[in-house]
Amino acid sequence: MARSAWFEIAEEGWARLSAARPLGRLLLEAVQNAFDADAANVAIEIEPDRVVIEDDARAGIADERLVYTLFLSDKPRDPTRRGRMGRGLKELLAAAERAHVETIGTTIVFDGEGRRTETNTRESGTRLELFRAIGDDEREAALDLLRLAIPPRGTSLRVAGRLVRRPRSVLALADCELETVVIDDGVERAAMRPTRVAIYAPRRGERPSLFEMGVPVQPWNVPWHVDVAQRVPLGEGRDAAPERFVLALKATLLEAMVHSYLDRRDLRADWVQDVIARWPVKSGLLDAYVSKVFPRGSVLGGTSRANDRAKQLGAHIVDARTISHGAWLALARVLETSDDYVRRRSSEFGGDEVEPDETQRRFAEAVRWLARRVAGSVVRVRFFARDPSDAGLLEDAVTDVDARAISFNVKGPLRFDDVLDPGTIGVVLHELAHLASVEHDHRFIDRLQLLAGMLAKLLADGGPALATALRRGDPER
Ligand SMILES: Nc1ncnc2c1ncn2[C@@H]1O[C@H](COP(=O)(O)OP(=O)(O)O)[C@@H](O)[C@H]1O
Ligand SMILES: [Mg+2]
């Protein structure tokens with residue numbers, strides 16, 4: 001059973017609510033209705049004391065009750081028509097002091113005496129005339145908002161005499177599954193529905209915005225205008241879409257554009273970070289993102305020790321402090337952390353440990369002696385075998401500060417038969433200096449200089465006998 005006569009309306013309250021909306025927003029309600037009616041021409045003029053909006057839609061307003069009955073709409077079921085709440089036109093009228101709505105055959109007049117209906121000879125379209133005082137700033141703001149509209153193809157929109165151009169199209173995405181609003185069993189509900197999403201370059205001076213079928217909804221931090229070809233869910237006040245919808249749409253854009261349209265700089269933008277941090281994106285998207293944004297061989301920053309070690313092994317560290325926690329968690333799905341990386345590298349390398357031969361044993365003896373006498377440290381010396389082909393990541397020698405162990409690659413260029421060979425002794429001192437600092441920082445350089453100086457003094461004091469003993473791996477004698 002259809003309900004009726006349950007409610008009445010407090011006109012003052014309605015006028016109060018309506019007048020609180022910015023003029024541009026109210027006028028967009030009329031533009032929206034004209035777009036919905038498939039008008040070929042829509043024109044708006046804003047004067048100091050009145051606004052005139054006229055369209056040439058073939059049908060006009062079919063039933064005069066649509067003009068003054070709150071929540072009465074003839075298009076609630078169709079998600080590809082913009083209106084649905086049956087209130088926009090009534091708000092626009094309520095925010096005026098007087099108004100005329102002239103549509104085919106009928107004019108409805110609203111003034112101090114109330115409302116009355118007259119007949120006319122109009123044959124197509126609708127003309128709204130709204131009387132109220134309009135300040136210059138209010139007018140300018142309203143004109144800017146109206147000019148932001150993207151008129152549908154086949155509709156020309158004129159604002160204060162100037163034709164509104166369609167912005168340049170960047171890309172159109174068919175079949176994007178997005179939340180929309182449908183009426184199901186007389187109840188307004190959210191539903192997912194595939195739709196077209198058009199991406200445009202903003203016209204000069206415009207703030208990039210989200211649009212619902214050409215009508216601006218809200219500015220946003222995506223660099224384009226994005227127009228959704230079906231109803232966009234709107235929050236209370238209808239001047240913004242809910243956060244979940246905005247995020248889902250941004251994720252759709254990123255998925256579609258990450259592979260070919262967005263470069264490294266685009267991908268560093270906040271809106272992209274929003275999506276990565278807060279939306280369950282596919283791994284393929286993250287892979288594409290990572291390969292475009294970060295250098296090859298990147299790992300996620302972890303503990304500072306692991307970061308230093310990973311750097312030594314040639315990895316690029318993605319600084320965890322520069323990304324949000326959510327982004328870190330997402331990136332961890334496709335990037336190793338420095339801690340994992342270091343663990344993996346050192347286990348690879350532990351597996352290749354080799355037993356030293358006689359020459360290498362003597363070399364180890366000399367290194368241990370140098371560590372004690374020059375660096376004042378007790379170290380273990382180990383040997384590993386790694387082909388020079390994949391030596392890019394591993395050096396000729398590696399120091400594990402925790403274990404106080406220095407490992408030498410037996411397949412590298414080191415001269416185990418002559419610890420004082422210039423290249424070889426250089427590597428030994430380098431590794432000894434790492435006992436003081438894993439990084440190649442100032443502390444490391446100071447330490448290396450000191451060790452080199454100490455060694456020079458030791459050799460000068462010890463003379464040729466010491467040099468010979470060192471080469472034989474028998475310096476104690
Ligand atoms: N310019 C117009 N041309 C044709 N029909 C219109 C026009 N403006 C309003 N209407 C009719 O008036 C109805 C009420 O408009 P409105 O209060 O804005 O609600 P809604 O757009 O949500 O339906 C619309 O559903 C439409 O049928
Ligand atoms: Mg409407």
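How many bridges join strand 11 to strand 12, and do they run parallel or antiparallel? Strand 11 (residues 209–212) is joined to strand 12 by 4 bridges, and the two run antiparallel. Here, helices (H or I, at least four residues) and strands (E, at least two) are DSSP runs, numbered from the N terminus, and two strands pair if DSSP finds at least two bridges between them.

This is a predicted model, where local features need pLDDT of at least 70 and side-chain atom pairs count only at pLDDT 80 or more, while totals for chains, interfaces and linings use all residues. Residues are numbered from 1 along each chain as its sequence is written, chains are lettered from A and ligands numbered from 1 in the order in which they are written, and side-chain values use heavy atoms, with hydrogens and water left out.

**The sheet with strands 11 and 12**

- The pair belongs to an open sheet of 5 strands, in the order 9-10-13-11-12, with mixed pairing.
- Strand 9 (168–184) and strand 12 (215–219) sit at the edges with a single partner strand each, so one side of each has no neighbour in the sheet.
- On average, neighbouring strands of this sheet are turned by 25 degrees against each other, direction ignored.
- Helix 6 (residues 243–257) packs on this sheet and touches strand 9, strand 10 (187–201), strand 11, strand 12 and strand 13 (225–228); contact means heavy atoms within 4.5 Å.
- The direction of helix 6 makes about 145 degrees with that of strand 9; axes are lines fitted to C-alpha atoms, for helices over the stretch in contact, and angles run from 0 to 180 degrees between N-to-C directions.
- Within the strand 11 and strand 12 pair, Ser209 stands opposite Pro219.

**The sheet of 8 strands**

- Another open sheet has 8 strands in the order 5-4-3-6-2-1-7-8, again with mixed pairing.
- Its edge strands are strand 5 (114–119) and strand 8 (162–163), each pairing on one side only.
- Strand 1 (residues 41–46) and strand 2 (residues 50–55) run antiparallel and are joined by 5 bridges, with Val42 having Asp55 as its bridge partner in strand 2.
- Helix 5 (residues 136–147) lies across strand 1, strand 7 (156–159) and strand 8, at about 165 degrees to strand 1.
- Glu118 has its place in strand 5, and Glu118 is partly exposed, with a relative accessible area of 34% (buried means under 20% relative accessible area, exposed over 50%, partly exposed in between, using a 1.4 Å probe and protein chains only).
- Setting aside neighbours within four places in sequence, Glu118 is in contact with Gly105, Thr106, Thr107 and Val109.
- From C-alpha to C-alpha, Glu118 and Ile108 are 6.3 Å apart in space, though 10 residues apart in sequence.

**Strand 19 and its partners**

- What about strand 19 (residues 405–409)? 5 of its 5 residues are buried, so the strand is largely enclosed by the rest of the structure.
- Ala405, Ser407 and Asn409 lie on one side of strand 19, with Ile406 and Phe408 on the other.
- Strand 17 (residues 380–384) runs parallel to strand 19, with 5 bridges joining them, and Arg380 has Ala405 as its bridge partner.
- Strand 18 (residues 397–400) pairs with strand 19 in the antiparallel sense over 4 bridges, with Ala397 opposite Phe408.
- The hairpin of strand 18 and strand 19 has 4 residues between the strands, and Arg404 in this hairpin takes a positive phi near 45 degrees.

**Helix 9**

- In helix 9 (residues 283–293), the buried residues include Leu285, Tyr289 and Val293.
- The buried residues of helix 9 pack against helix 6, helix 7 (264–267), helix 8 (270–278) and helix 11 (325–331).

**The loop between helix 3 and helix 4**

- Asp74 is in the loop between helix 3 (65–68) and helix 4 (88–94), and Arg87 lies in the loop between helix 3 and helix 4 as well.
- Arg87 is buried, with a relative accessible area of 18%.
- Not counting residues up to four places away in sequence, Arg87 touches Trp14, Phe71 and Arg238, while Asp74 touches Leu66 and Arg81.
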